[in-house]
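The following paragraphs lead the reader through several sites of one protein model. Please keep the sequence and the structure in view while reading.

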Amino acid sequence: MRLINTTTLSLSSFLLPVPSLPAYAILSHTWLPSPDDEVTFQEITSLSPDELEQKKEKGWAKIKQTCHRAKKSGIEWAWVDTCCIDKTSSAELTEAINSMWGWYRGATVCFALLEDLEPVPRDKAEGVLGGHGQKKGNGNGNGQVQNGGNASGGKGWEGKKDGGRSNVGTTSGSSNAGSNVSGSATSSHSQAGRMDHLSHEEKVSRFQSCRWFTRGWTLQELIAPSRMGFYNSKWEFVGEKSSLKQVLAEITQISESVLENSALLPTIPVAQRMSWASSRVTTRPEDMAYCLLGIFDVQIPLLYGEGEKAFIRLQEEIVKETNDFSLFAWKTDKKSGTQHQKHWGILAPSPKEFATCRDIVNWGNTLYNAECLITSKGLRFTPASGDGLRSGSSRFKETEGTYILDLGCYHQSEKGMAIGVFLQQHGSDLYCRVMPESLPMWPTGFGQQPQLRKSRVFYVTKTVSPVASTMLGTSHRWAFNLSQVFMTMAAIKFRPQHNQFSPQESWDGERMLFLSQGSRNFQCCAAFVTTRKDGLGALRILVWCQLYLVHGREEEAQASVKVEFDPPTTEGKTDSDSFVECKGKVVRDIYQGQRVFKVEVEATTSQSKY
């Protein structure tokens with residue numbers, strides 16, 4: 001880590017862990033509109049201060065002001081991202097970005113520069129209450145602070161010169177101490193910098209218009225430091241994070257407790273933390289992921305040029321570290337123009353999709369959620385006992401053919417209502433997300449949950465591109481459709497709870513399809529159970545289906561079906577239920593735009609035909 005000597009304004013390197021570093025101040029700011037105006041590592045090491053003053057006036061001014069205020073507080077060292085990192089070295093840049101949270105967390109004090117926050121107009125600053133003192137006119141238009149105010153002559157927020165980590169920047173005596181960064185309130189702007197006299201609404205209005213609150217990198221720079229002071233465009237002290245926490249919480253939606261103590265971050269659901277970044281932006285798309293590393297306490301290699309894939313890698317790393325399924329509680333915006341895409345992955349495209357997750361709360365300890373692993377096939381879920389995928393159509397209208405994955409969380413505004421996501425099967429134990437513009441919610445009372453369909457290991461695709469979504473729309477091609485078989489079995493009063501389907505991983509119970517994708521020669525069996533009238537047990541009707549793919553100019557398929565009794569009956573003789581025979585056939589059909597094999601079964605008895 002390189003630090004700037006606040007006296008000589010020269011750089012020094014420290015190969016020490018953060019706790020062993022000397023006390024240092026750190027700057028949080030937004031880069032100038034033209035990045036070329038900022039001072040780089042190469043420039044601060046090769047140009048003289050006079051040359052920097054001439055060529056990089058605005059960027060150099062920020063460095064000088066940071067060092068001036070640090071030195072005034074008795075701090076010998078300072079860190080500014082523009083010049084303390086050699087950005088021409090990819091290795092150094094990677095190390096710096098992965099260490100950024102620790103550097104801001106370990107700083108003695110952080111100076112947050114709001115470059116577009118103008119001082120409070122003089123006419124508003126004069127003649128108002130300021131802390132414990134009251135300004136009174138003295139007849140010549142000048143105000144004078146009385147009754148113990150610290151507006152003149154006293155040391156301000158940076159006035160403590162002991163250089164210690166825990167004490168630098170603390171106030172003493174009156175709670176109004178710290179009204180002036182320079183220790184003097186003689187200038188007109190020094191008092192204007194403070195906003196103590198403004199209402200809460202006025203403070204929020206002035207702060208939230210600042211660009212600093214819209215940038216991705218400043219999110220962790222706000223949360224990590226234990227001590228932080230805000231400055232306006234004139235480098236006048238505005239207030240400390242601890243005294244402005246209510247204003248900051250309203251603007252950023254970050255709880256006051258987290259602003260006071262970043263150690264509480266792991267207790268905040270992943271989705272809620274993601275929501276803090278939902279309205280923020282970065283210049284490079286990859287940085288939208290890299291700026292969140294500290295928020296989730298993970299590290300990933302930097303690959304500039306990968307674009308939005310960086311955010312997918314961030315989520316994969318989060319999955320490796322936590323079982324918090326609120327990560328999947330994102331929604332697409334109905335106005336985003338993405339509604340033409342039907343199939344989606346389980347991971348969000350960007351933080352924007354978490355905008356509605358600001359009040360997400362987990363039901364309990366996420367440690368007891370289903371196991372979730374990253375695989376080449378997608379995210380592998382191993383449900384806990386008695387849990388798994390649930391039927392969408394059993395609870396929600398117009399959701400035929402969907403399953404629900406319970407995320408184990410809820411909105412505080414909808415307490416008592418569980419949250420899930422809609423999934424659709426498109427292969428052997430393989431699912432994707434559908435209808436991402438909505439999250440199913442249902443009461444958590446006894447008997448209120450959607451019907452449990454599958455309690456076995458399953459996979460959900462990580463991401464789905466628009467092209468891949470179109471391909472997934474054909475995943476049920478050459479499936480066996482058993483809907484008519486179920487109608488026949490219902491007529492002979494079968495027992496649904498005892499049905500068996502093999503291979504189970506290929507059975508889509510919501511759409512009554514055996515999905516054959518991934519196999520050239522596919523065989524499946526559905527076993528339907530009826531009650532025997534002779535009291536000797538149950539009679540099973542087995543429906544065997546077999547598929548053969550024929551590859552030529554155009555992919556074709558042939559299918560056959562066989563129906564038999566279990567236990568078997570002698571041909572031409574009735575069993576105890578008066579069944580003579582049960583025939584089956586397959587016919588080509590169109591289902592949801594794709595060619596499938598519709599299985600038809602006919603059960604003949606001595607008295608009737610079904």
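Which backbone oxygen lies 2.9 Å from a polar atom of the side chain of Q272? The model under discussion is a predicted one, and in it the partner is the backbone oxygen of I360. Q272 itself belongs to helix α12, which covers residues 270-275. With a relative accessibility of 12%, Q272 counts as buried, because the limit for that class is under 20%. Apart from neighbours within four places in sequence, the residues in contact with Q272 are C357, R358 and I360. I360 therefore appears twice in the account of this site, once through its backbone oxygen and once in the list of contacts.

One of the contacts of Q272 is a cysteine, C357, and this leads to the question of sulfur pairing. How many disulfides does the model have? The count comes to zero, the rule being that two cysteine sulfur atoms must lie within 2.5 Å. C84 illustrates the result: the nearest cysteine sulfur, that of C83, is 4.2 Å away, so C84 is in no disulfide. For C357, the nearest cysteine sulfur belongs to C409 and is 7.8 Å away, so C357 is likewise in no disulfide. Both cysteines are buried: C84 has a relative accessibility of 3%, and C357 has a relative accessible area of 1%.

The next site is D86, in the loop that runs between α4 (81-84) and α5 (90-106). Does a buried or an exposed position describe this charged residue? D86 is buried, and yet it has no salt bridge. The nearest side chain of opposite charge is that of R2, at 5.1 Å, whereas a salt bridge requires the charged atoms to be within 4 Å. The side chain of D86 does have a polar partner, since a polar contact of 2.5 Å joins it to the side chain of T88. Beyond its neighbours within four places in sequence, D86 is in contact with R2, F41, Q42 and E92. R2 is thus in contact with D86 without forming a salt bridge with it, because contact extends to 4.5 Å between any heavy atoms.

The last site is N521, in strand β27, which covers residues 521-531. At 55% relative accessibility, N521 counts as exposed, because that class begins over 50%. Leaving aside neighbours within four places in sequence, N521 is in contact with L547 and Y548. A559 stands 38 residues from N521 along the chain, and the C-alpha atoms of the two are separated by 9.8 Å.

Technical notes: Residues are numbered from 1 along each chain as its sequence is written. This is a predicted model: local features need pLDDT of at least 70, side-chain atom pairs count only at pLDDT 80 or more; totals for chains, interfaces and linings use all residues. Side-chain values use heavy atoms; hydrogens and water are left out. Helices (H or I, at least four residues) and strands (E, at least two) are DSSP runs, numbered from the N terminus. Buried means under 20% relative accessible area, exposed over 50%, partly exposed in between (1.4 Å probe, protein chains only). Lys and Arg count as positive and Asp and Glu as negative; His and the chain ends are not counted. A polar contact is a pair of N or O atoms within 3.5 Å; within protein, one must be able to donate a hydrogen and the other to accept it, and residues adjacent in sequence count only if both atoms are side-chain atoms.
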